[in-house]
Structure formats: structure tokens, C-alpha cells
Amino acid sequence: MFYQTYSKSQNYFTREVILDSGKGSKVYDMGGNEYTDFTCALGPNLIGMADDRINAAIIKQLEKGISFSTPTMIEQGLCEKLIDIIPGCESVKLMKNGKDVTTAAVKLARAYTGRDIILKAGYHGGDDWSVSTEIGAKGIPQAVKDLTLKFEYNDFENVRTLIRETGDVACVILEPVMNDGPKQGYLEFIQDLCYKNGTVLIFDEVVSGFRYSLGGAAEYYGITPDLMCIGKAMANGSPISAVCGKKDIMSLIDTGEAFISTTFGGECLSIAAALATIEILEQPGTYEHIWGMGKKMLDGLQQAINFYGLSDCVSTVGLPPHCGLTFRDIGKLDYLDLLNIYEGKMLNSGIIVSDTGFISLSHSNEDIEHFINSANRAMDDIKKAIAQDSTTGILTGRKINPVFKRR
Ligand code: PMP
């Protein structure tokens, strides 16, 4: 089977689902079967599939043109809007993927500080500097690997020690929200550490941007990084990302000292989609809805864990807009066996989700109830598998085999 993104490949699903269309929270496969989608295309669909208002904005721009030979008014409009809504954003560069902007931010930090070492916590896309610490990937020179070090999110001492022992650190890049979010004072601590060491602080908000609030986790937690990377949810599924931040750092792009340039950066359909998405997100009640639906999901999942007595091996994780379950080994079953049972049962109940999922503006109370009822059935199966210490007869479909494994 063809696929373009690891996490959408057949290795991640218990059976093949080839999707054809979607509307709101629903997607439809080639046979017309309906699914409620909580993976939201791995995060981008924050408003919902095929939103009429966003479609209209894209169509209006389509009639004017997609790509131009000089800057455009609509491009300027989006950059001004981002400067308005993103904390600390004095200048913007539009790109396409999350990794375009995390790599751009890291390059900017190196150019600005004249240092090479990167400290990272989280996943920052598929470029060499980023994945060199994650998996034993081939094709990355040792010289590149040596320059990126990983620190433990929410471990105050770990990052402090790494900065002290490593010396000249160009940047600390982290996803500000991982797992259940930052411990009290953690983001402030990192910001202070960076400031004292002349290190650039980069928030990778490719997932968290627009999701926890319009200005991302930076706005939600009241911490302004030097540079911020946004992407996924910015245009409800259209390919666009941005690196934003302090003018004195960002200006290195314009002088060409930090070479960051791409043909489709100013592509106008995605820009139109981003502006329409932001306009919807700015309406009152948006974030109350997203947080409210997620809270209902987390509460329902916790009740199911309690009811089936699974707290030894299943926990809820995440803040309401991006939340779900985390599984642990038990007996002869490893965490992937439990995830496998869960995901397969959910899929057969008409729900697309992995261990964690995303809430969109189009998810309704009924969608969440459907989700929770299905999760209860999945946990019933997990309980049976634990009792027999095997997945035999319970696991339907194939074994999942993610590229990104926990170990
Ligand atoms: N940063 C984070 C936090 C991500 O989750 C991802 C993608 N999952 C990226 C960066 C890379 O984005 P992309 O796949 O669009 O390059």
C-alpha cells in the first residue's frame, strides 16, 4: 500500500481503511462506511473536515490564483494576523511542514548564537538533527548526531546539568506541552536558564499551536519563547507552517545569513485557509467547546479504567484538547498488545483513534458518548486478555507495528 506519513501507514492500523471524504467529525471510506475521526489527520483538523467557511475562502482564492511571482496582500495579511495573536511574534516566515519550521528555528538559533549544540525534548519532525536522537536511523552522519542532545521533559535538573556540562548551547527546543503538561514553574525555569546562558528558547508548537488557545501554549501558560514554530492546526488541514519570533533573530533570514527560503512558502490557498481558520477560532466559545469535549472524554475514560479495574496498565494522559490513554506492560502482554486491542475495537466501533487523539470544534456530545461507549467495550476486551494472559481470540485484525516505539 502507498502512504506518505509513517503514522498513517498500515503499520498503525489493525485493518486497512482507505478514506474518501469527510464532513465535520465524520470521515467515509470507499465503501461508504462512516467513522468518527479523533485522529484529525494527526492534528491538523481542528475545526473539522470540509468546513464550508474554510472551503469558501479557499475557492475564492483559487479563482484569484494559487502562487504568484511577488509577495501578496493575503500573505501580508496572515503575517500581520500572526504577529497580532502569537506571543512574542515580531516577524514571521511561512513554510509548509512542521519540520521546515523547526529546522529553520534551529538554524536561526545557531546563526544567532554562533554555537552548534541543540538540546531537545519532544519530536520535532523528520530532519536529521531531530531524529538522530530518536531512533537508530541510518543515513545520519555521526557529526550531526553529536550536535543534538535529548533532555527529559519536566526534569528540572536534567536540562540544567546538560546546559552546564555541554557549555555552548545554541538552543533549547521543546514541545511546551507533553504528556500531562509542564510541571508548575517548569517553563519559567527553562526560560530563565536559557536567558542566563545566552541560549535561544524555541517552543515547538507544531501540535500545541492554536489548540490550547489561539496563541498556543505560550499564551496559555504566559511564557514567551524567543522563537515559536507552528504548523498542523493552523489551516485546518491545508499545508502551512510558520516560524515566528523576535525580530533580531528572525532578521537573519532576510539578510540571508541564515538561509531559509522555499518556493511554496507563500502559496495562497493555504494562506486563505489559515485566515479563515483563525477567524473561526476567534469566535467566542471555541476553546470552551474544545476543552469541554476533551474533559468529558478524559472523565469517561477514567471512569472506564476504574470500572474495569485497569489502573495497573492503563492511564489517561494529556490535557483535554489532545488526550487519551497510555498503556503499560502487564503479565505477558506488552503495551503494544493493549494498544492493539484498544485501537482495533475502536476502529470496529467506527472510531478512528490511536492511544491519544485530538478534539476538534466539530466533535459533539454524541461523538464523545460514542467514543466512551466504544472505549468501554475495548477495555472489557483488555480485561479479558489480561485474565488469559494472551491476546488470542480477542485481537481482531493484524498487529500494529509503529515506527516510533516507546523503546
Ligand atoms: N513538531 C511536532 C511537535 C510534531 O508533532 C511534528 C509532527 N508530528 C513535527 C514537529 C513535524 O511536523 P511535520 O510532520 O509537518 O514535518
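**Figure 1. Lining of the largest cavity in the predicted model.** By class, the residues lining the largest cavity are two nonpolar, seven polar and one charged. The lining consists of Gly-24, Ser-25, Asp-37, Cys-40, Asn-45, Gly-48, Met-49, Ser-360, Ser-362 and His-363. Cys-40 and Met-49 are the nonpolar members, as cysteine and methionine are classed here, and Asp-37 is the charged one. The volume of the largest cavity is about 50 Å³. The structure holds one cavity of 30 Å³ or more.

**Figure 2. Surroundings of Cys-40, a residue of the cavity lining.** Cys-40 is buried, and its relative accessible area is 3%. The closest cysteine sulfur belongs to Cys-323 and lies 11 Å from the sulfur of Cys-40. A disulfide requires two cysteine sulfur atoms within 2.5 Å, so the distance of 11 Å to Cys-323 is too far for a bond.

**Figure 3. Cys-244 and Cys-89.** The count of disulfides in the model is zero. For Cys-244, the nearest cysteine sulfur is that of Cys-89, at 4.0 Å, and Cys-244 takes part in no disulfide. The separation of 4.0 Å is to be set against the cut-off of 2.5 Å for a sulfur pair. Cys-244 is buried, with a relative accessible area of 0%.

**Figure 4. Residues around the ligand.** The shell is made up of Asn-97, Gly-98, Lys-99, Tyr-123, His-124, Gly-125, Glu-175, Asp-204, Val-206, Val-207 and Lys-232. Sorted by class, this shell comprises three nonpolar, four polar and four charged residues. Tyr-123, Val-206 and Val-207 make up the nonpolar group, while Lys-99, Glu-175, Asp-204 and Lys-232 make up the charged group.

**Figure 5. Polar contacts of the ligand with Lys-99, Tyr-123 and Lys-232.** A polar backbone atom of Lys-99 is 2.8 Å from an oxygen atom of the ligand. At Tyr-123, a backbone N or O atom lies 3.2 Å from a ligand nitrogen atom. Lys-232 contributes a polar side-chain atom, which is 3.0 Å from a nitrogen atom of the ligand. The protein buries 78% of the 390 Å² that the ligand exposes when taken alone.

Notes
Residues are numbered from 1 along each chain as its sequence is written. This is a predicted model: local features need pLDDT of at least 70, side-chain atom pairs count only at pLDDT 80 or more; totals for chains, interfaces and linings use all residues. Side-chain values use heavy atoms; hydrogens and water are left out. A residue is near a molecule or strand if one of its heavy atoms lies within 4 Å of it. A polar contact is a pair of N or O atoms within 3.5 Å; within protein, one must be able to donate a hydrogen and the other to accept it, and residues adjacent in sequence count only if both atoms are side-chain atoms. Accessible areas come from the Shrake-Rupley method with a 1.4 Å probe; for residues, only the protein chains shown count as cover. Buried means under 20% relative accessible area, exposed over 50%, partly exposed in between (1.4 Å probe, protein chains only). On a 1 Å grid over the protein atoms alone, a cavity is a set of points where a 1.4 Å probe fits but cannot get out, and a pocket is an open set with protein on both sides within 12 Å along at least five of seven lines; lining residues have an atom within 4 Å of a point. Grid points are joined across faces, edges and corners, and a volume is the space filled by probe spheres set on the points.
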